[in-house]
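Visitor: Could you walk me through some of the labels used for this protein and show how each one is earned?

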Amino acid sequence: MSALFAAAALASGIVPVVDLPPVAGDPCAFVDAAQDRGETEDARFTLDDQVRLVDIGRQDPRGARAHFTLSPDGTSVAVNLKSADPETNRYCLRLVVVGMDGSGILRELDRGGEFIRGDFKLRDFSYVKAGYDRSNPPRWSPDGTRIAFLKRIDGSTQAWMVAADGKTPARQVSFLPDDVDSVAWTSDGNGLVVGTRPGIRLKAEAIAREAPDGFLFDERFSPNLARRPIPTGDIATEYQVVSLADGRPRSATPEEAARLHPELPASAPRDARVYAESQDGYGAWIEPKNSEQLLSTTRLVIAKPDGGRMACDAKDCEGIRSLWWSADGQSLLGMQWTGWATSQTALLRWDVTEPRPHRILLTDDMLIGCMPAGVEILCAREGADRPRRLVAIDAGSGADRVVFDPNPQLLGKTFGQVQRLRFTDPNGLEGLADLVLPPDHRPGEKHPLVVVQYRSDGFLRGGTGDEVPIHVLANRGFAVLSFARPYPRQPAATAKTNEELVRTSRVDWLSRRVVQASLEAAVDLAVRSGAVDPERMGISGFSDGSSTVQWALINSSLFKAATMGSCCEDLFSFAYAAGPRFGQLIRTPGYRFFETGSKKDWKPMSLILNVDKIHTPILIQAADSEYQSGLDVVTTYALRGRPMELFVLNDETHVKWQPAHRQAIYLRSVDWFEFWLMHRMDCDPGKEEQYRRWKAMAGAPAPENLVCRRPLRSTIAPSSRPRRDRAGGR
């Protein structure tokens, strides 16, 4: 039977392709086994530690939302946990409940299902799958006895429900033909409000009906993403209520739909953002100081029940991301990004009897999904050398306590020594980078440096895109510069539209020049620390960071090795691989591709036009939905004998999402930088072919100068762990 199945698969396409069956096994087996192991022999934070981190929500803290919610009585927190298993290439997904008392008792209510990926609108394309999580906060019923959540089984995301005490297993509630995007309870607790987008399916079906006559190659095409047209235009969300009594759906009323998509009250100003209203009739919001500017600074406003207003125009009130009222309704609380280069997080408190707010907490850590919890504020918190955990912050003093740490096995691990570098770059912009040194660094030692970008906040994991493991490199003797890119001040200050912002940043490659100036200033500080060997420096980049790598290799001689998570912004493939619509859009801000004179415009940025001056070895690890954009560069470098290697990762998005790929990217990135900057190899026989290719590249270390190094991977053995309530669901 299996042979016949394989034959059918081979016969169905133009080229012989067989997809291997999924690797059998339980992706949660490692999580269970980890709770029963003893002390680890290796105190260093390893690549395995990073691959198998237990996450609460989306990894990027700047884009993350709460994947946890507080029970109605304020005593418990429901949390969605995710941990990767590269062996099965799946995630262990669990819904757990922990106490606000910080006891560490964990009650598991449900586990299993498929990773629920987010999606986004790309240019005119209605729907493109992302590599990050869909927002999926558990929803407590009004009486606190049940929890609703999203779960994906066999390619369908539906609403599920489970008893909060864990005594009965979870059950599926909705059975709709389209994926459920979000879920909430009705006010009486007898049904679930769900949001779906049937238009995604209907538009895709309409395109399928074009197939017999052939598809017109028009603006709906993006060869990178698909071999057929992609649905375009806006897609509306439809709201329904699913009865818990009989499972039947009906259209939601406007009031019911508002439980998923609340609208601003009529009293709110037209340009109000982040609106919050108290039970006593106070309103609060932020609004732009200049409504005509795209990126205007903002002010904080409180509207009193009697019609009076209070406003804070000070800089200390800018950058607010969320607002909520205290339990007694007498204090407005807010979370903001502030400080040098907006690198810090603060909590503000504005008592309605006071003329202005005051700050209760200022930290270099990132706070995610904060919500009121009695006299405390419940947040996810992560720092440069500590992954995300749940904390309760006193709303008066700002003191915090740990409510739940999903990674207690890391408490005894050694991370790199983190030094925050703040500087003003040559353009007068505030610059920021974190220099991470080996944990055993001693004064006078010089280490090879790897630059990771293009933001540096929260837990220093793998940079934007999470591809180069920062603390793993530090534990292997590297210095790592986690660099946060700046943005040109003048276009940002005056632009009225996104188009204007992009166009002005594009003139004479202004944006790239600004980033390079800041990068060089950060590297100079790192070198002047005395801990970096300036002759052994490498750079990595993903997305916009890949463009920074391109510019740096062409316009400086700083770096001796490079990796890229996507490639490349160049003359030919970059324009046509993304499709006609993309080509039109990027011409608007001034890019030229096949016009006369375009090569002159591209000279400062093009790897192709500068191939003769670049000898830096470049490793590219790109998604199969993007790699075509760099084939002109890869082909040019192959013909010129330049050291470059491209890996294409199957069924991947811009941000890679598969655990096996994440592990492979980590391993290959570390191998690459160790080979070129340390002259070290992993002498595992399974990697002989890899090093045969690399040793044959131009500029490779002489064989006699290469040494074997200790393996990257090790077995994790937690030194401490939360207690599990075995009576809970498994």
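Guide: Happily; below we set values against definitions, one label at a time. This is a predicted model, in which local features need pLDDT of at least 70 and side-chain atom pairs count only at pLDDT 80 or more, while totals for chains, interfaces and linings use all residues. Residues are numbered from 1 along each chain as its sequence is written, and side-chain values use heavy atoms, with hydrogens and water left out.

Visitor: Why are α15 and α16 called oblique to each other?

Guide: Helix α15 (residues 659–678) and helix α16 (residues 688–695) pack at about 45 degrees, with axes 12 Å apart. Axes are lines fitted to C-alpha atoms, for helices over the stretch in contact, and angles run from 0 to 180 degrees between N-to-C directions. Under 35 degrees counts as roughly parallel, over 145 as roughly antiparallel, 65 to 115 as roughly perpendicular, and the rest as oblique. The pair α15 and α16 is therefore oblique. As for the names, helices (H or I, at least four residues) and strands (E, at least two) are DSSP runs, numbered from the N terminus.

Visitor: Which residues make the contact of α15 and α16?

Guide: From α15 come Arg-668, Asp-671, Trp-672, Phe-675 and Trp-676, and from α16 Gln-690, Tyr-691, Trp-694 and Lys-695; contact means heavy atoms within 4.5 Å. These residues divide into 5 nonpolar, 1 polar and 3 charged. Here Ala, Val, Leu, Ile, Met, Phe, Trp, Tyr, Cys and Pro count as nonpolar, Asp, Glu, Lys and Arg as charged, and the others, Gly among them, as polar.

Visitor: What makes α9 roughly perpendicular to α10?

Guide: Helix α9 (residues 510–528) and α10 pack at an angle of about 75 degrees, with their axes 10 Å apart. That angle makes α9 roughly perpendicular to α10. In this contact, Arg-512, Arg-513, Val-515, Gln-516 and Leu-519 of α9 meet Asp-544, Ser-547, Thr-548, Trp-551 and Ala-552 of α10. The split is 4 nonpolar, 3 polar and 3 charged.

Visitor: How do you know that Arg-134 and Asp-119 meet in a salt bridge?

Guide: A salt bridge is a side-chain nitrogen of Lys or Arg within 4 Å of a carboxyl oxygen of Asp or Glu. For Arg-134 and Asp-119 the N to O distance is 2.2 Å, and the pair qualifies. Arg-134 lies in the loop between β7 (125–133) and β8 (139–140) and Asp-119 in strand β6 (residues 117–122), so the bridge ties together parts 15 residues apart in sequence. The structure holds 59 salt bridges.

Visitor: Why is Asp-533 called buried, and why is Arg-536 called partly exposed?

Guide: Buried means under 20% relative accessible area, exposed over 50%, and partly exposed in between (1.4 Å probe, protein chains only). Asp-533 has 16% and therefore counts as buried, whereas Arg-536, at 27%, counts as partly exposed. The side chains of Asp-533 and Arg-536 form a salt bridge at 2.9 Å, N to O.

Visitor: What does the salt bridge of Glu-674 and Arg-709 tie together?

Guide: The side chains of Glu-674 and Arg-709 meet at 2.6 Å, N to O. Glu-674 lies in helix α15 and Arg-709 in the segment after β37 (707–708), so the pair links parts that are 35 residues apart in sequence. Glu-674, at 0% relative accessibility, is buried, and Arg-709 is buried at 10%. Salt bridges that share partners join Arg-476, Asp-671, Glu-674, Arg-680, Asp-682, Lys-687 and Arg-709 into one network.
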